[in-house]
Number of protein chains: 2
Amino acid sequence: MNPQQTIRLGVIDTDSGFVTVLAKRAEAAGWQLRQATGAVPAQEMVAMKLNAVLIDPSILGDEAWEYLDRICGELPDLAVIVCTGRSTVAQRVRGLRLGVGDWITKPCHPEEAMARVEAVTRRRRRGRNEAEAGPLVSGELEVRPDQFQAFVAGESLDLTRREFELLHLLADSKGQVLERETIYQRVWGYAMAHGDRSVDVFIRKLRQKLEKRSPSWAYIHTHFGVGYRFDPEPAGILKEEIRAADPPAPEFTDRSQQLHDEVTVTS
Amino acid sequence: MNPQQTIRLGVIDTDSGFVTVLAKRAEAAGWQLRQATGAVPAQEMVAMKLNAVLIDPSILGDEAWEYLDRICGELPDLAVIVCTGRSTVAQRVRGLRLGVGDWITKPCHPEEAMARVEAVTRRRRRGRNEAEAGPLVSGELEVRPDQFQAFVAGESLDLTRREFELLHLLADSKGQVLERETIYQRVWGYAMAHGDRSVDVFIRKLRQKLEKRSPSWAYIHTHFGVGYRFDPEPAGILKEEIRAADPPAPEFTDRSQQLHDEVTVTS
DNA sequence: GGCACCTGTGAAAATGGTGTGAACGCAGGC
DNA sequence: GCCTGCGTTCACACCATTTTCACAGGTGCC
């Protein structure tokens with residue numbers, strides 16, 4: 001489903017010969033490359049929206065281990081591949097234990113390097129291929145992965161691709177609270193930059209479209225400070241309960257916005 | 001949390017020397033090993049509950065590729081690692097593209113083989129680790145990390161994120177007295193400023209919410225001059241005495257002054 | 001019992017997260 | 001090239017949560 005999502009690969013190496021050859025092949029394969037010749041801070045990698053990074057630690061000197069440790073620690077979802085010259089078993093073991101996804105020895109064929117980058121990246125993305133195929137029904141909603149679309153009473157919600165993928169992920173994890181970072185990582189495929197609001201915006205779009213076709217259900221619930229949870233609930237009951245439990249509610253301050261049909265849950 | 005979940009590794013190889021050495025080390029590391037000297041059907045691997053399988057395809061003859069393809073296709077969540085003698089770049093690339101997680105060349109150090117198996121397995125697991133940790137039950141209370149929420153008899157305590165994290169930490173260290181500084185460091189993530197009362201305030205909020213849903217239990221105990229301890233205790237004796245001495249006291253909303261249901265313990 | 005110091009408590013003040021509309025930039029189709 | 005649809009970014013309003021503060025009540029020690 002997300003097979004040929006292009007890979008954004010960072011390369012940290014000074015071996016211009018190797019990098020040039022690799023770049024040519026990667027470009028041919030439709031990958032996006034970013035190059036650097038020294039340590040790149042984790043935050044910058046996030047900003048570059050990398051899926052994977054290929055590092056030759058030998059150019060980093062003494063800080064190599066510390067750097068690898070930091071990157072793997074801070075960005076556990078980034079695929080880190082080491083590609084360097086001779087190394088001892090102990091070094092390779094140490095690297096792999098640290099969180100490096102693969103350790104390639106130079107000289108190596110660029111095709112193999114790419115295949116290994118792909119293999120590691122592939123691993124990272126897995127997790128939604130499981131039920132991939134089966135349509136999913138929740139409340140009045142039917143999510144059909146085979147159509148990249150969701151329906152209510154046979155009518156399409158007219159979701160765009162991202163909207164669909166977000167809804168699919170949520171519906172697949174019905175009842176579970178998903179953090180924004182998790183959502184972003186799984187739908188967008190790379191780490192979420194701090195302060196990114198894309199997830200919120202798409203949630204709003206989904207809510208609008210859901211509301212339009214299925215007004216009497218609340219599907220997406222906000223968990224303040226955490227993220228969102230998909231859980232279809234007939235909206236009617238809930239509202240009545242709230243009304244019943246509420247005293248007359250005198251405060252008719254001009255609530256510019258009428259109540260959300262989605263319930264915000266503290267958590 | 002889930003770091004040292006033991007790995008169940010299948011080994012398909014006839015190289016008894018290699019397998020023996022590997023087995024010894026794997027056992028020492030607490031892994032579970034299953035061995036075979038020929039192709040094992042996917043279904044059998046499922047039955048063996050393997051996390052990963054280490055294969056030398058050279059012993060499978062002509063069917064090697066077909067077999068690898070089948071295994072990777074049918075069990076996309078199984079970590080498949082190839083460990084074999086000399087091979088060409090093309091073969092390795094083909095294998096990796098097929099879905100093999102890593103391709104190791106013999107002879108190889110068993111420690112490195114294990115590290116690589118671990119690395120591949122680690123990646124496969126990521127993504128559904130959402131469960132982070134199983135729900136935690138204490139007294140009438142159920143703490144559910146996957147929901148960022150705690151429940152009593154199925155009803156949510158409506159904890160905010162920090163409240164939840166504090167409760168989670170406490171419940172995780174049941175019976176242990178935690179100092180304020182420790183609590184702050186672990187929940188807030190940085191050192192507590194001298195004189196900060198946040199922990200106390202949150203403890204109060206937790207007690208209120210616990211009291212509301214589970215009135216007959218005392219969960220959080222104060223250790224004067226030290227910190228707090230989580231330990232669910234039926235509040236029986238103490239409570240009854242208090243109630244007996246008290247007039248019926250209907251549920252007034254403003255119970256501004258009411259005895260703590262928590263017991264202060266002299267440390 | 002008195003004093004110094006902790007802890008509990010309620011509410012005000014500060015912080016920060018979320019909903020929302022709209023502008024922007026980019027790419028694909030006409 | 002222009003139009004259109006989509007994804008991203010921004011600014012602002014609103015409000016839930018967190019922090020802070022002042023004071024009341026408890027606890028331990030001399």
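Trainee: In this predicted model, what is the strand order of the open sheet of 4 strands in chain A?
Mentor: Pairing in that sheet is antiparallel. Strand 6 (136-138) and strand 9 (155-156) of chain A each pair on one side only, which puts them at the edges. Reading across, the order is 6-7-8-9.

Trainee: Which residue stands opposite A:S138?
Mentor: Look at strand 6 and strand 7 (residues 141-144) of chain A, which pair in the antiparallel sense over 3 bridges. The partner sits in strand 7 of chain A, and that's A:L141.

Trainee: What handedness does the β-α-β unit of strand 4, helix 4 and strand 5 of chain A have?
Mentor: Strand 4 (residues 79-84) and strand 5 (residues 102-105) of chain A pair in the parallel sense over 4 bridges, with A:I81 opposite A:D102. Helix 4 (residues 89-98) of chain A completes the unit with these two strands, and the unit is right-handed.

Trainee: Over in chain B, is B:I81 buried or exposed?
Mentor: B:I81 belongs to strand 4 (residues 79-84) of chain B. The cut-off for burial is 20 or more other C-beta atoms within 10 Å. B:I81 has 21 of them, so call it buried.

Trainee: Which residues of helix 5 of chain B does B:I81 touch?
Mentor: Helix 5 of chain B covers residues 110-125. Leaving out residues up to four places away in sequence, the contacts of B:I81 include B:A52, B:L54 and B:I104. Those from the helix are B:R116, B:V117 and B:V120, themselves among its buried residues.

Trainee: How far apart are the end C-alpha atoms of helix 5 of chain B?
Mentor: At 1.5 Å a residue, its 16 residues should span 22 Å. The model agrees, with the ends apart by 22 Å.

How values were computed: Residues numbered from 1 in each chain as written. Chains lettered and ligands numbered in written order. Predicted model: local features only at pLDDT ≥ 70, side-chain atom pairs only at ≥ 80, totals over all residues. Expected span 1.5 Å × (residues − 1). Buried ≥ 20, exposed ≤ 12 C-beta atoms within 10 Å, placed from the backbone. Pairing = 2+ DSSP bridges. Right-handed = clockwise from strand over helix to strand, strands pointing away. Contact = placed C-beta atoms within 7 Å.
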